[in-house]
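Hi everyone, thanks for making room for me today. I'd like to walk you through one structure, piece by piece, so have a look at it while I talk.

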Amino acid sequence: SNEETSTGHCVVVISQDGERSFLTHRGCVEHFSPATHINLPRLLSSTTGTNDHHLHVHIAGYYNLPHFWNGSLKQILQLMRSR
């Protein structure tokens, strides 16, 4: 399969003494980036006016999103909070 478009997966191996090890293949998630995949103007415009229902942002799998490690996620969240 094509690694750029394949689905990511994680295998958890548990030893007899309960120690866990994770074997992760990020798949297409590795290519998810804020610049390409987040429409920030649309997201920000939906937090004001008649669409005031976006009060919660959930970020999951941050450690599997390398394009967020450079501080871009923090910048987006700070911008959203300032609105």
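Let's begin at the hairpin made by β1 and β2: five residues sit between the two strands, and G18 takes a positive phi near 90° there. Before I go on, please keep in mind that this is a predicted model.

So how do the two strands run relative to each other, parallel or antiparallel? Strand β1, residues 9–14, pairs with β2 in the antiparallel sense, and the pairing covers six bridges. If you want a spot to look at, find V12, which stands opposite F22 in β2.

Now turn to the surface. Which residues form a nonpolar patch there? The answer is V11, V13 and L23, and together they have about 250 Å² of accessible area. L23 belongs to strand β2, which spans residues 20–25.

Okay, zooming out. The protein chain has three helices and two strands. Reading along the sequence, you get the pattern β-β-α-α-α. And how much of the chain is buried? Of the 83 residues in the protein chain, 17% are buried.

Next, the aromatic rings. How many aromatic pairs turn up when you search the whole structure? Just one. The partners are F32 and F68, and the pair is stacked, with 5.8 Å centre to centre and 15° between the planes. Why care where they sit? F32 lies in the loop between β2 and α1 (34–37), while F68 lies in the loop between α2 (40–45) and α3 (72–82), so the pair ties together parts that are 36 residues apart in sequence.

The two partners also get different labels for burial, so let's do that step together. Buried means under 20% relative accessible area, and partly exposed runs from there up to 50%. F68 has 5% relative accessibility, so F68 counts as buried. F32 has a relative accessible area of 30%, so F32 is partly exposed.

Last stop, the cysteines. How many disulfides does the structure hold? Zero. As for accessibility, C10 has a relative accessible area of 43%, so C10 is partly exposed. C28 comes in at 36% relative accessibility and therefore counts as partly exposed too.

That's my tour. If you take away one picture, make it the antiparallel pairing of β1 and β2, plus the stacked pair of F32 and F68. Happy to take questions!

Methods:
Residues are numbered from 1 along each chain as its sequence is written. This is a predicted model: local features need pLDDT of at least 70, side-chain atom pairs count only at pLDDT 80 or more; totals for chains, interfaces and linings use all residues. Side-chain values use heavy atoms; hydrogens and water are left out. Patches are made of residues with over 30% relative accessible area and no salt bridge: like charges are joined within 9 Å, nonpolar side chains (Val, Leu, Ile, Met, Phe, Trp, Tyr) within 5 Å. Accessible areas come from the Shrake-Rupley method with a 1.4 Å probe; for residues, only the protein chains shown count as cover. A salt bridge is a side-chain nitrogen of Lys or Arg within 4 Å of a carboxyl oxygen of Asp or Glu. Helices (H or I, at least four residues) and strands (E, at least two) are DSSP runs, numbered from the N terminus. Two strands pair if DSSP finds at least two bridges between them. A disulfide is a pair of cysteine sulfur atoms within 2.5 Å. Buried means under 20% relative accessible area, exposed over 50%, partly exposed in between (1.4 Å probe, protein chains only). Rings of Phe, Tyr and Trp (its six-membered ring) pair if their centres lie within 6.5 Å; planes under 30 degrees apart count as stacked, over 60 as edge-to-face and the rest as tilted.
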